[in-house]
Amino acid sequence: MIILRDLSIFWSMLHVVFLFVVLFRTRLTRKKTIAAAYAGMGILMLMNGIILVVYGIDVLGKIFLLTCSIPSFIFLYLISADKRFRFLLTFCLADTTCLWLMAVTNLMDYFLGGGKYVLMFISRMVVFPLVEYLAWRYLRKPYHELQASVEKGWGVFAGMTMLYYLLLTVAVQFPTNIINRPEDVFLCILILVLMLFNYATIFTSLYRQLLLFRKQRSERILQEQRNMLKAQLENQQRIRRMKHDMKGHTVTLTGLLRAGKNEEALAYLKGVEKNMDALEGQFCANPYINAVFVQYSGRLEELGAKSVLDIQAGEEELPYMDLCQILSNGLENACDALEALDAEKREIFVHMKYNRNYLTIRIKNRCRDELFVEKGKIPVTEKSGHDHGFGLATVQEAVGRLGGDMLCYTEEGYFILEVMVSLQSLRNRMEM
């Protein structure tokens, strides 16, 4: 029956990788991730399998940390998109969960199966795929959302899971396997039960952070919609006022022309043109996108910022809801950053135009000199410090819905947000 024990151990080791792949965010493509994970982990499994067959479970249990845990940590860290504590939490979470299941099934086989490894083998064959399905079905999406939206606060949770990983390893394997130490079984069971409450606390805290993030995002979207509607209403009122004024201008011009005062009529027209320029606020033909630019151009004027708004798109039909979210969040972050600077340093350049088969949006604004954002990373928000961050997650979601790409980074004292969406993706979005 030893073969059943060994096969169940191999099965468990394989599913450690499965569970980790379900939870972590890779920086490689899906195919490359799968190939790299199972090539690298396959070598480790083979090496540990040889140790198991040659030296037995007791020896493997004592050196497992060195022969599998640490090498797999280094390998998976290299292909992970998340670093530091976020990666550490995910790694320890997958490893500790699998160790917990192995310990429980081991004790079940000892007490209920007579130590013949049949119950251990059957239970592990069932429970590992079940746990992975539950993780994929209920945990993966919110966990990824939380990793993408929250930058801080992972250290405490990562430290807790790492300590429990070490505690469980020691309790189950040192100085020998737990089934060879009946006097320590009750202590081991207490540790296993305590881990359930510990993980319940971790997931509850993470879930509350996720709910807080979603609430803040919803409030921000509602504020954007409110600003859009307010700007659109102001546009409509401006247009109605202009239509009313045009009637008076028409009467005056008609009188001047009938009296043969052509020079006076021309001078009057120039005055009307000057007044029209003073009422400018038409950045593009799309009323919704235009409303966003009107709203934030007014705020930039209040800040006394030097602004260049180069808008060469919007005459055609566009998926304005997603584009308005991108522009509103990008401009809101820019205004927050500019507000924290001295007045003479406030600069922003906004470009929205077509580049071959793509619609490109580029927002470049001055920021704090010490702010550094690496390309491909989304900075965390610090509203008290007026840093970039929170709205960029919403921008990324909107860009994703459009099938486009987003990039943000700092360069020579400027924060730059670049968005590129193919025209075909825009057309497809309009047809939905």
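# A walk from the sheet to a helix pair

Start by selecting Ile 361 in strand 3 and Val 419 in strand 5, which are bridge partners. You are looking at a predicted model, so take each stop as part of a prediction.

**The sheet**

Keep that pair on screen and extend the selection to residues 358-366, which make up strand 3, and residues 414-422, which make up strand 5. The two strands pair in the antiparallel sense, over 9 bridges. For another rung between them, pick Leu 359 and find Val 421 of strand 5 standing opposite.

Leave Leu 359 selected and turn towards strand 2. Which residue of strand 2 has Leu 359 as its bridge partner in strand 3? Tyr 354 does. Strand 2 and strand 3 also pair in the antiparallel sense, here over 8 bridges. Follow the chain from one to the other and you pass through a hairpin with 2 residues between the strands. Stop in the turn at Arg 356, where phi is positive, at about 60 degrees.

Now colour the whole sheet. In what order do its strands run? There are 5 of them, arranged 1-2-3-5-4 in an open sheet with mixed pairing. Select 306-311 for strand 1 and 405-411 for strand 4: these stand at the edges, and each has a single partner strand, so one side of each has no neighbour in the sheet. If you look along the sheet, neighbouring strands are turned by 10 degrees against each other on average, with direction ignored.

**Helices across the sheet**

Show residues 287-303 next. This is helix 9, lying across strand 1 and strand 2. Set the helix beside strand 2 (347-355) and compare directions: helix 9 runs at about 165 degrees to strand 2.

Then add helix 10, residues 320-339. Helix 10 lies across strand 2, strand 3 and strand 5, and its angle to strand 3 is about 15 degrees.

Within helix 10, zoom in on Asp 322. Is this residue buried or exposed? Asp 322 is buried, with a relative accessible area of 5%. Display side chains here and you will find a polar contact of 2.9 Å between the side chains of Asp 322 and Arg 401. To fill in the surroundings, select Ala 398, Arg 401, Leu 402 and Arg 429, the residues in contact with Asp 322 once neighbours within four places in sequence are set aside.

**The helix pair**

For the last part, move to helix 4 (residues 84-112) and helix 5 (residues 118-149). Their axes come within 10 Å and cross at roughly 155 degrees. That angle is over 145 degrees, and the two helices are therefore roughly antiparallel. View one helix over the other to see that helix 4 passes helix 5 in a right-handed crossing.

Many residues meet along this pair. Helix 4 contributes, among them, Leu 89, Thr 97, Leu 101 and Met 108, while those in helix 5 include Met 120, Val 127, Phe 128 and Tyr 143.

Finish on Thr 90 in helix 4. Thr 90 counts as buried, at 1% relative accessibility. A polar atom of its side chain lies 2.9 Å from the backbone oxygen of Arg 86. Beyond neighbours within four places in sequence, Thr 90 is in contact with Phe 20, Leu 23, Phe 24, Tyr 143 and Gln 147. Draw one more C-alpha to C-alpha line, from Thr 90 to Ser 123: the two are 33 residues apart in sequence and 24 Å apart in space.

Methods:
Residues numbered from 1 in each chain as written. Predicted model: local features only at pLDDT ≥ 70, side-chain atom pairs only at ≥ 80, totals over all residues. Heavy atoms only, no water. Helix = DSSP H or I, 4+ residues; strand = E, 2+ residues; numbered from the N terminus. Buried < 20%, exposed > 50% of the residue type's maximum accessible area, 1.4 Å probe, protein only. Polar contact = N/O pair within 3.5 Å; in protein donor to acceptor, adjacent residues only side chain to side chain. Contact = heavy atoms within 4.5 Å. Pairing = 2+ DSSP bridges. Axes fitted to C-alpha atoms, helices over the stretch in contact; angles between N-to-C directions. Parallel < 35°, antiparallel > 145°, perpendicular 65-115°, else oblique. Left-handed = near helix turned anticlockwise from the far one by under 90°.
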